[in-house]
Amino acid sequence: MITITNIKRVGSEKTESVTIENGLIKGWNLPEEGQVIDGQGGTVAPALIELHAHLREPGQTEKEDLASGLAAAAAGGYGTVVSMPNTSPVVDDPAIVRSLIEKAGSLGFARLRPAAALTKGQKGEELAELTYLKEAGAAMFTDDGRTNENARTLRLGLETAGSLGMVVSVHAEDASLRADGVMNEGPVSEALGLPGNPASAEAARVARDIEIVAGLHAQGVPARLHIQHLSTARALDLVRAAKAQGLPVTCEVCPHHLTLTDEALRSFDAIYKVAPPLRTQADADHLLEGLRDGSVDCLATDHAPHTRAEKERDLLDAPSGIAYIELAFPLMYTRFGETLGLDRILDLMTAAPARVMGWTEPTLDAGQKADLVVLDLTTERPVDPAGFKSKAKFTPWAGESLKGWPLLTVVDGRVAYQR
């Protein structure tokens, strides 16, 4: 049993306590029992939910592993993490799904909900054994890390997953249009002499995938499409139109596409190389408006750790990805707390991801699962990558002063992180 004292609920200045027993919230402001933890006057909220993280296990553990990645997630206030399947081997076997869940459960950090590959080997040719993967505990199906070039295979995957009540998430990017682009195609790429990745590569693929869903929807097939890391204004407008038609299409936006632009690549530093690439300020502003008006369903980090040596290669050869699951909430709250408001940011990182997945929305009511985070919304401190739990101890935001840092993360009634 745990009692957390000296905490405030969102929107209140009243100091309260919450008691946790057997993994559930027993109640508020009860007599103190069990282990007593001082919440340091922080604000309590449901633990965050991450739908898009690369934890690199199995086979790529020099970049990250379950222990480091889930510890980093807990330090970032996350209680649940959906891991991507582009590992070595690919997570396309029920035995791998079960082993990941078993290992993660023994670590005591954030909860793992592995995504499984939509196609065998993520090759986009033949569907994986989706029914057995679901039975093993897969949370969603995706070939993220690769784009789904075969439209018919994606259609079959959406149809099959829909019959299982599962979401298919996609990296919506036309590979032939992207070609060898390493950054956003535009004036900056032209000035730097670097191959560009046009906004049309994302928009064209989003349009295709929405049309597939529309056709299935017209036939009464319960397909559910989730578009990952949306980065362009045009693609968001296509999603808006799909939603207006009542199509079961959702999307996520990543904080890095809101806070960084292609101007950062003038440094030639591959730390800013991501897929899809950093776009223009106009795109970032459009995405932010999508967060305001509800066109964007949720926030996700696309936490993608690599070794420092890999990210120190030149822009043509370095891998894409930024690792920052530990500072996603402080970054969003510091940059956009006034623009979006605390309630909206928390919703985008808690209840909204749950809605995308069809999970029960988290609350702090008595009797509910004890997944919660206590946040320090007032104290600013600089980003110090050396202190990251992740193996990727570098970040574009190093040294930036942020507020909103987690003080305590509780998952299933146990302390997963305490500062």
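Modeller: A crossing of helices is called left-handed if the near helix is turned anticlockwise from the far one by less than a right angle, and right-handed if clockwise. The model is predicted, so local features need pLDDT of at least 70 and side-chain atom pairs count only at pLDDT 80 or more, while totals for chains, interfaces and linings use all residues. Residues are numbered from 1 along each chain as its sequence is written, and side-chain values use heavy atoms, without hydrogens and water.

Biologist: Which hand does the crossing of α12 and α13 have?

Modeller: Helices and strands here are DSSP runs (H or I, at least four residues; E, at least two), numbered from the N terminus. Helix α12 covers residues 328-340 and helix α13 residues 342-349, with axes 8 Å apart. Where α12 passes α13, the crossing is right-handed.

Biologist: Why are α12 and α13 classed as oblique?

Modeller: Axes are lines fitted to C-alpha atoms, for helices over the stretch in contact, and angles between N-to-C directions run from 0 to 180 degrees. Angles under 35 degrees count as roughly parallel, over 145 as roughly antiparallel, 65 to 115 as roughly perpendicular and the rest as oblique. The two helices are therefore oblique to each other, at an angle of about 140°.

Biologist: In the sheet with the order β9-β10-β13-β14-β15, which are the edge strands?

Modeller: Strands pair if DSSP finds at least two bridges between them. This open sheet has five strands with parallel pairing. Pairing on one side only marks the edge strands, β9 (141-142) and β15 (298-299).

Biologist: Which residue of β14 is the bridge partner of His226?

Modeller: Strand β13 (residues 225-227) pairs with strand β14 (residues 249-253) in the parallel sense, over three bridges. In β14, the partner of His226 is Thr250.

Biologist: Which residue of β16 stands opposite Val44?

Modeller: Strand β5 (residues 43-46) pairs in the parallel sense with β1 (residues 2-9) over two bridges, and Val44 is the bridge partner of Arg9. Strand β5 is also joined by four bridges to β16 (residues 372-376), and these two run antiparallel. Opposite Val44 in β16 stands Val374.

Biologist: How are the rings of Tyr324 and Trp397 arranged: stacked, edge-to-face or tilted?

Modeller: Rings of Phe, Tyr and Trp (its six-membered ring) pair if their centres lie within 6.5 Å; planes under 30 degrees apart count as stacked, over 60 as edge-to-face and the rest as tilted. By this rule there are two aromatic pairs. The centres of Tyr324 and Trp397 are 4.9 Å apart and their planes at 55°, so this pair is tilted.
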